[in-house]
Amino acid sequence: MSERDIKVQAIINPISGVGSKRKIPKMIEGICSKKNCSLNISFTEYAGHASELTRQAIEEGAEYILAVGGDGTVNEIARAMIHSNAILGIIPKGSGNGLARELHIPMDVKRAIDLIAKGHVTTIDCCRANGQVFFCTCGVGFDAAVSQKFANEKRRGSLTYIKNTIEEYLSYKPEPYELVVDNQTIKEKAFLVACANASQYGNNAFIAPHANIQDGRMDVTILSPFMPLDIAPLAIQLFTKQIDRNSKIKTMKAQQVTIIRQHPGVMHLDGEPIMADRRIDITVEPKALHVLTPEVVSFTKEVHNLFDEVTRFFDKKLPYIFK
């Protein structure tokens, strides 16, 4: 943020994600006061409210919209900002934090707010699946089935997601798909088909390690049917940015993708399950959203942050796993 009289709208989902948000308003007020910004803080009250608040704020001249919450909150706000001049700041408070992680935004609240204050703007692409916006990934097949199961859980978090993934794998059957990838037709029986604007689902699970959220293309990942013995290598490669090296994986880049399946069913958009037709048309919209991000991320820092998060996960979860 530059030091002039600018309008900032903070939108906080008080019940989303993980951890207390009680101190966050004061922290935002502190940085806006130092930067001579005019600040308004709103709290969401129902599904879709974040988008309404965002549109209203932009109409009233807000230049910065700060999203405080999980992926659902961030996506609601970001969707209402597409192709506007407003700039998104993310304070991640969810369990997955897919877009924040993709853009190397710190998971720590203070560090995320410090990053917002520095004011470096990156312009990223978005995609649409049958007209509906997503920023990281959309998919059909196994990952969509897991997202549907996860959405019905009362408790969120990594352990719940792992439990749902295992339960779904035991009953899931691969499906035949016809894909039209930039006018090239491919027919595959697949466990899942993911179209990725970003490299990861969230939680540093990299389904498309070489995806670039600024290149005007999406990465298509097709996972063929596999045996139980393949699960461990696939899981390791998913979290170490090497899944494209697995023999069960096919990848390609595209600007337009059509997925045709046998029946209508669930697909996910950034982890949120929705029902869709048997035909899904997916396109890229380049340079769609302005976001506050770090200027440069070194490889050493990226590895260090990943190690910190893995350590933090096991410190918190291991006692519960072995209860």
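Patches are made of residues with over 30% relative accessible area and no salt bridge, and nonpolar side chains are joined into one patch within 5 Å. In this predicted model, Ile162, Ile166 and Leu170 form such a nonpolar patch on the surface. Together the three residues have about 320 Å² of accessible area. Ile162 lies in helix 7, which covers residues 158–171. With a relative accessible area of 43%, Ile162 is partly exposed. An α-helix has 3.6 residues a turn, so residues three or four places apart point the same way.

**The chain as a whole**

The secondary structure of the protein chain comes to 9 helices and 16 strands. The chain has 323 residues, and buried residues make up 50% of them. About 16100 Å² of the protein chain is exposed, and carbon and sulfur atoms supply 53% of that area. Among contacts with a separation of 6 or more, 70% are between residues 24 or more positions apart.

One pair shows how positions apart in sequence can be placed in space. Val146 and Gly271 are 125 residues apart in sequence, and their C-alpha atoms are 9.0 Å apart. Val146 is found in helix 6, residues 142–151. Val146 has a relative accessible area of 1% and is buried.

**Nonpolar cores**

In soluble globular proteins, nonpolar side chains tend to be buried together. Here the largest nonpolar core holds 43 residues, and Val257, Ile259 and Ile282 touch the most other members. Strand 10, residues 192–196, gives this core its largest share, 5 residues. A second, separate core of 30 residues includes Ala62, Val74, Ala86 and Ile213.

What does Ile282 contact, leaving aside its neighbours within four places in sequence? The list is Arg128, Ala129, Phe134, Cys138, Cys195, Met218, Gln255, Gln256, Val257 and Ile259. Val257 and Ile259, named above for the core, are among them.

**Helix 2 and its cover**

Helix 2 runs over residues 49–59, and its buried residues are His49, Ala50, Ser51, Leu53, Thr54 and Ala57. The cover over these buried residues includes strand 1 (7–12), strand 2 (38–43), strand 3 (64–69) and helix 3 (71–79). After helix 2 comes Gly61, whose phi is positive, near 95 degrees.

**A buried glutamine**

Gln200 is found in the loop between strand 10 and strand 11 (218–223). Is this residue, Gln200, buried or exposed? Gln200 counts as buried because its relative accessibility is 1%, and the cut-off for buried is under 20%. The side chain of Gln200 reaches the backbone nitrogen of Asn204 at 2.9 Å. Leaving aside neighbours within four places in sequence, the contacts of Gln200 are Gly98, Arg101, Glu102, Cys136, Thr137, Ala205, Phe206 and Ile207.

**Salt bridges**

The model has a count of 7 salt bridges. The table gives some of the pairs.

| Salt bridge | N to O distance |
|---|---|
| Glu285 and Arg128 | 2.3 Å |
| Lys250 and Glu188 | 2.3 Å |
| Asp281 and Arg279 | 3.1 Å |

The pair of Glu285 and Arg128 links distant parts of the chain, 157 residues apart. Glu285 is in strand 16 (residues 279–292), and Arg128 is in strand 5 (residues 121–129). Glu285 counts as buried at 17% relative accessibility, whereas Arg128, at 26%, counts as partly exposed. Arg128 is also one of the contacts of Ile282.

The pair of Lys250 and Glu188 also links distant parts of the chain, with their positions 62 residues apart in sequence. Lys250 is in strand 12 (residues 249–254), and Glu188 is in strand 9 (residues 184–190). Lys250 is partly exposed, with a relative accessible area of 37%, while Glu188 counts as buried at 14% relative accessibility.

For the pair of Asp281 and Arg279, Asp281 counts as partly exposed at 30% relative accessibility. Arg279 is partly exposed too, with a relative accessible area of 45%.

Which residues are linked in a network of salt bridges? They are Asp215, Asp219 and Lys253.

Notes. Residues numbered from 1 in each chain as written. Predicted model: local features only at pLDDT ≥ 70, side-chain atom pairs only at ≥ 80, totals over all residues. Heavy atoms only, no water. Buried < 20%, exposed > 50% of the residue type's maximum accessible area, 1.4 Å probe, protein only. Helix = DSSP H or I, 4+ residues; strand = E, 2+ residues; numbered from the N terminus. Contact = heavy atoms within 4.5 Å. Core = buried A, V, L, I, M, F, W, Y, C linked by side-chain atoms within 4.5 Å. Patch = residues over 30% accessible without salt bridge, like charges linked within 9 Å, V, L, I, M, F, W, Y side chains within 5 Å. Areas by Shrake-Rupley, 256 points an atom, 1.4 Å probe, with all protein chains shown as cover. Salt bridge = Lys/Arg side-chain N within 4 Å of Asp/Glu carboxyl O. Polar contact = N/O pair within 3.5 Å; in protein donor to acceptor, adjacent residues only side chain to side chain.
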